[in-house]
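Subject: Structure for you to look at

Hi,

Here's the structure I promised to pass on. Have a look at it first, then read my notes underneath.

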Amino acid sequence: MREVHGVWGSMVSNVLAQLFNQARTFSYWQDQPVPEGLVQAAFELASLGPTSANCEPLRLVLVRSPQAKERLLSCVSSGNYEKVRTAPITAIVAYDREFFELLPRLYPHSDARKWFTTDPAFAEETALRNSSLQGAYLILALRAQGLDCGPMSGFDAAKVDAAFFPGGRWRTNFLLNIGYGDRDRLRPRLPRLAFDEVARWE
């Protein structure tokens with residue numbers, strides 16, 4: 001029993017290291033392509049994470065072609081230009097502003113669609129919050145597949161929307177570079193706030 005427990009404990013430690021302890025935010029990338037299957041597998045894992053009324057507002061554009069990269073590069077800040085240019089894939093993590101149209105299929109045991117059709121501000125807030133959650137799930141799922149991530153602000157969201165979502169239904173949340181990071185160019189990990197600084201029991 002002790003041996004099994006030890007093996008199991010080692011496995012858990014390895015998983016936690018891959019997802020958190022040794023995982024980093026990358027700005028520099030190895031020149032190595034990312035298999036489509038890994039990204040799709042990560043998405044399928046991430047889709048299992050909870051969202052309000054199973055609303056799943058996350059939408060993705062996975063930018064990798066030179067033509068699409070050029071469109072995206074015109075929208076990012078100078079400090080993020082090389083990060084995007086050299087990343088094998090940059091995901092535009094977006095949300096569907098009319099996500100509620102799919103609720104009859106995604107949440108069939110209640111008429112959840114009507115919760116949002118009469119309150120656009122509530123719908124927008126729900127879409128942003130839950131697509132942010134799903135984007136975080138995606139980062140962890142990509143790490144679980146052995147990939148590295150570099151989530152980013154530092155772009156003109158209106159330009160990205162105009163370039164990739166001219167219909168206006170989808171809206172950009174954040175950008176996420178995906179690939180195999182160059183660990184030799186990492187800086188030391190920055191400090192984190194302690195539990196007692198950010199939490200209290202009541």
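Below is what turned up about pockets and cores.

First, keep in mind that this is a predicted model.

Let's start with the pockets. The largest one has a volume of about 460 Å³, and 20 residues line it. If you want to find its centre, look for Arg 24, Thr 25, Ser 27, Leu 186 and Arg 187, which lie nearest to it. Helix H7 (120-144) and strand E3 (148-152) each give at least two residues to that lining. By type, the lining splits into ten nonpolar, eight charged and two polar residues.

The second largest pocket holds about 360 Å³ of space. Its lining has 15 residues, and Phe 43, Leu 58, Arg 59, Leu 60 and Leu 62 are the ones nearest the centre. Two or more lining residues come from each of helix H2 (36-46), strand E1 (58-63) and helix H5 (103-106). Here the split is eight nonpolar, five charged and two polar.

Now for the cores. In soluble globular proteins, nonpolar side chains tend to be buried together. The largest nonpolar core in this model has 19 residues, and those touching the most other members include Val 34, Leu 138 and Leu 147. H2, strand E2 (89-96), H7 and strand E4 (170-179) each supply two or more of its residues. Which element gives the largest share of this core? That's H7, with five residues.

Try clicking on Val 34: beyond its close sequence neighbours, within four places, its contacts include Pro 88, Leu 147 and Ile 178. There's also a second, separate core of 15 residues, with Phe 155 and Phe 165 among them.

Cheers

How values were computed
Residues numbered from 1 in each chain as written. Predicted model: local features only at pLDDT ≥ 70, side-chain atom pairs only at ≥ 80, totals over all residues. Heavy atoms only, no water. 1 Å grid on protein atoms, 1.4 Å probe; cavity = no way out; pocket = protein on both sides within 12 Å on 5 of 7 lines; lining within 4 Å. Points joined across faces, edges and corners; volume = space filled by probe spheres on them. Helix = DSSP H or I, 4+ residues; strand = E, 2+ residues; numbered from the N terminus. Nonpolar A, V, L, I, M, F, W, Y, C, P; charged D, E, K, R; others polar. Core = buried A, V, L, I, M, F, W, Y, C linked by side-chain atoms within 4.5 Å. Buried < 20%, exposed > 50% of the residue type's maximum accessible area, 1.4 Å probe, protein only. Contact = heavy atoms within 4.5 Å.
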